[in-house]
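These are my notebook entries on a single chain, set down in the order in which I looked things up. The sequence and the coordinates come first, and the entries follow.

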Amino acid sequence: MARKQHTPEEKAQLVLEALRGERTINEIASSNNIHPNMLSKWKRDAESNLYTLFQDNAAKERREKKAHEEELQELYAQIGKLTTQNEWLKKKSGL
């Protein structure tokens, strides 16, 4: 029997319900046909990664953009070098 794949939306809904504490994890798991250990794992994962919602992504984006621009500059320099070599070879070969 194949395992049921849960969508991120389903997982988030179940974890939020578990975090609210209105029902126990066992009650939530049994009503949604999942194992309580799986729900507990999702809850632990959500709690341990909750800080990522508040991280500043602007610094990460700036670093990525700077790395991309440096790579572009290197590629443009290489294109220029190869173009110069190609023209020199054409000139020497008499084409």
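Which residues line the largest pocket? I went to the predicted model with that in mind, and I found the lining to be made of R3, K4, Q5, H6, K11, N33, I34, H35, M38 and W42. I noted a volume of about 280 Å³ for this pocket, and I sorted its lining by class into 3 nonpolar, 4 polar and 3 charged residues.

**Entry: the second largest pocket**

I then turned to the second largest pocket, for which I wrote down a space of about 180 Å³. Its lining consists of K11, A12, V15, L16, L19, W42, A46, E47 and L50, and the elements that contribute two or more residues to it are α1, spanning 8-20, and α3, spanning 36-48. I recorded α1 as the source of the largest share, with 5 residues. When I classed the lining residues of this second pocket, I counted 7 as nonpolar and 2 as charged, with no polar residue among them. Reading the two lists side by side, I saw that K11 and W42 are named in the lining of the largest pocket and also in that of the second largest.

**Entry: the largest nonpolar core**

Which residues make up the largest nonpolar core? I listed 8 of them, namely L14, V15, A18, I28, A29, I34, L39 and W42. At least two residues of this core come from each of α1, α2 (25-31) and α3, and α1 gives the most, with 3 residues.

I followed L14 further, and with its neighbours within four places in sequence set aside, I found it in contact with I28, N32, I34, L39 and W42. Within the core I also marked V15, I34 and W42 for their place in pocket linings, since I had already met I34 and W42 in the lining of the largest pocket, and V15 and W42 in that of the second largest.

**Entry: salt bridges**

How many salt bridges does a search of the whole structure find? I recorded 2, and I took them one at a time.

In one of them, the side chains of R23 and E17 meet, with an N to O distance of 2.7 Å. I checked how far each partner is open to the outside: R23 is partly exposed, at a relative accessible area of 32%, whereas E17 is buried, at 19%, a value that falls under the 20% cut-off for that class. I placed E17 in helix α1, and I noted that, not counting residues up to four places away in sequence, E17 touches E22, R23 and I28. R23 is thus on the contact list of E17 as well as being its partner in the salt bridge, while I28 is a member of the largest nonpolar core.

The other bridge joins D45 to K41, with the closest N and O atoms 3.0 Å apart. Both residues lie in helix α3, 4 residues apart, which is about one turn of the helix. I looked up their accessibility as well, and both fall in the partly exposed class, D45 at 32% and K41 at 38%.

**Entry: N33 and the segment before α1**

Where is N33 found? I located N33 in the loop between α2 and α3, and I noted that its phi is near 55°, a positive value in a residue other than glycine. N33 counts as exposed, at 70% relative accessibility, and I had earlier listed N33 in the lining of the largest pocket.

K4, another residue of that lining, lies in the segment before α1 and counts as exposed, at 56% relative accessibility. I also put A2 in the segment before α1, and A2 counts as exposed at 70%.

**Entry: distances along the chain**

Last, I looked up two C-alpha separations that start from this segment. K4 and I79 are 75 residues apart along the chain, and their C-alpha atoms are separated by 52 Å. For A2 and K66, which are 64 residues apart along the chain, I wrote down a C-alpha separation of 45 Å.

Note on methods
Residues are numbered from 1 along each chain as its sequence is written. This is a predicted model: local features need pLDDT of at least 70, side-chain atom pairs count only at pLDDT 80 or more; totals for chains, interfaces and linings use all residues. Side-chain values use heavy atoms; hydrogens and water are left out. On a 1 Å grid over the protein atoms alone, a cavity is a set of points where a 1.4 Å probe fits but cannot get out, and a pocket is an open set with protein on both sides within 12 Å along at least five of seven lines; lining residues have an atom within 4 Å of a point. Grid points are joined across faces, edges and corners, and a volume is the space filled by probe spheres set on the points. Ala, Val, Leu, Ile, Met, Phe, Trp, Tyr, Cys and Pro count as nonpolar, Asp, Glu, Lys and Arg as charged, and the others, Gly among them, as polar. A salt bridge is a side-chain nitrogen of Lys or Arg within 4 Å of a carboxyl oxygen of Asp or Glu. Buried means under 20% relative accessible area, exposed over 50%, partly exposed in between (1.4 Å probe, protein chains only). A nonpolar core is a set of buried Ala, Val, Leu, Ile, Met, Phe, Trp, Tyr and Cys residues joined through side-chain atoms within 4.5 Å. Contact means heavy atoms within 4.5 Å.
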